[in-house]
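Work through the exercises below with the sequence and the model at hand. Each task is followed by a worked solution.

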Amino acid sequence: MKITVGHLFPDYLNIYADRGNIAVLTRRAAWRGHELEVEAIGAGDALRPGAHDLYYIGGGQDREQELIAPALAAHGETLREAVSCGTALLAVCGGYQLLGRSYRDQSGGELPGVGLFPLQTVAGERRMIGDVLLECELEPGERRTLAGFENHAGRTFLDEGAEPLGRVLAGFGNDGESGYEGCRAGRAIGTYLHGPLLPRNPWLADWLLAEALAHRTGKTLTLEPLPDELESKAHEVSAGRARARGGRF
Ligand code: GLN
């Protein structure tokens, strides 16, 4: 089957090899006989509701975020509608921040957001940097860990009742205080975790692929498991570094 992906602003938001997440999704889909068709979407491109099964947006420095925030916000209505109709989405760090209501950056500028996630972000003095380990439960009763790397000045505050992606076992997370990281809204996932994230967390890559396939087919499909020896080792090394780092500040 063909899975269509809208990669938002790939030329601006792509630090820490965030583009690697697309490579992992492409390869893991192909190993199951599916094809990932990736379309780069920028400022002047029209976004068609329902045209994509999955959206992806990476991270970036404040400067890049300032350059694209108004154009991304202009796609806001279509992105919100698409996700409310079941399109899957992964947003990393700077992209995650801009899918909230707003990001007040380190220069004090208020960058408009898409308002897809019920949250807003304000940059603080001190950057939150290092290996991170989360515990997630995207499917009831299925507890899993996510391991990655964070580097952000932004402190993200979720609205009352908003669903975080996971509980911080080691690292700073959304704001270094709440003990939570990321945000989830249906099939949309936002996170501060770079790395890139998916090579060392193949279960999340498969979760996103299954959600994207469900959007395309209207059916819940199970992906056949893959050996993932190398991926599991990469996860353990990353998780080990995070645990060794322990708590916050
Ligand atoms: N510029 C944002 C911040 O500093 C996001 C950084 C990133 O994407 N790593 O918080």
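**Exercise 1: a helix pair**

Task: In this predicted model, find which residues of helix H1 meet which residues of helix H5.

Solution. On the H1 side, the contact is made by Val24, Leu25, Arg28 and Ala29. On the H5 side, their counterparts are Pro202, Ala205, Asp206, Leu208 and Leu209. Sorted by class, the contact of H1 with H5 has 7 nonpolar and 2 charged residues, and no polar ones.

**Exercise 2: the crossing**

Task: Classify the orientation of H1 and H5 from the angle between their axes.

Solution. Step one: H1 covers residues 20–30 and H5 covers residues 202–217; their axes come within 10 Å and cross at roughly 70°. Step two: angles of 65 to 115 degrees count as roughly perpendicular. Step three: H1 and H5 are therefore roughly perpendicular to each other.

**Exercise 3: the partners of S7**

Task: For strand S7 (residues 119–139), state the sense of its pairing with S5, with S8 and with S9, and give one residue pair for each.

Solution. Begin with S5 (residues 102–104): this strand runs parallel to S7, and 2 bridges join them. Arg104 has Val122 in S7 as its bridge partner.

Next comes S8 (residues 142–158), which pairs with S7 in the antiparallel sense over 15 bridges. Here Gln120 is bridged to Phe157 in S8. The hairpin of S7 and S8 has 2 residues between the strands, and Gly141 takes a positive phi near 85° in it.

Last is S9 (residues 166–170), also antiparallel to S7, with 4 bridges. In this pairing, Cys136 stands opposite Gly166 of S9.

Methods:
Residues numbered from 1 in each chain as written. Predicted model: local features only at pLDDT ≥ 70, side-chain atom pairs only at ≥ 80, totals over all residues. Heavy atoms only, no water. Axes fitted to C-alpha atoms, helices over the stretch in contact; angles between N-to-C directions. Parallel < 35°, antiparallel > 145°, perpendicular 65-115°, else oblique. Contact = heavy atoms within 4.5 Å. Nonpolar A, V, L, I, M, F, W, Y, C, P; charged D, E, K, R; others polar. Pairing = 2+ DSSP bridges.
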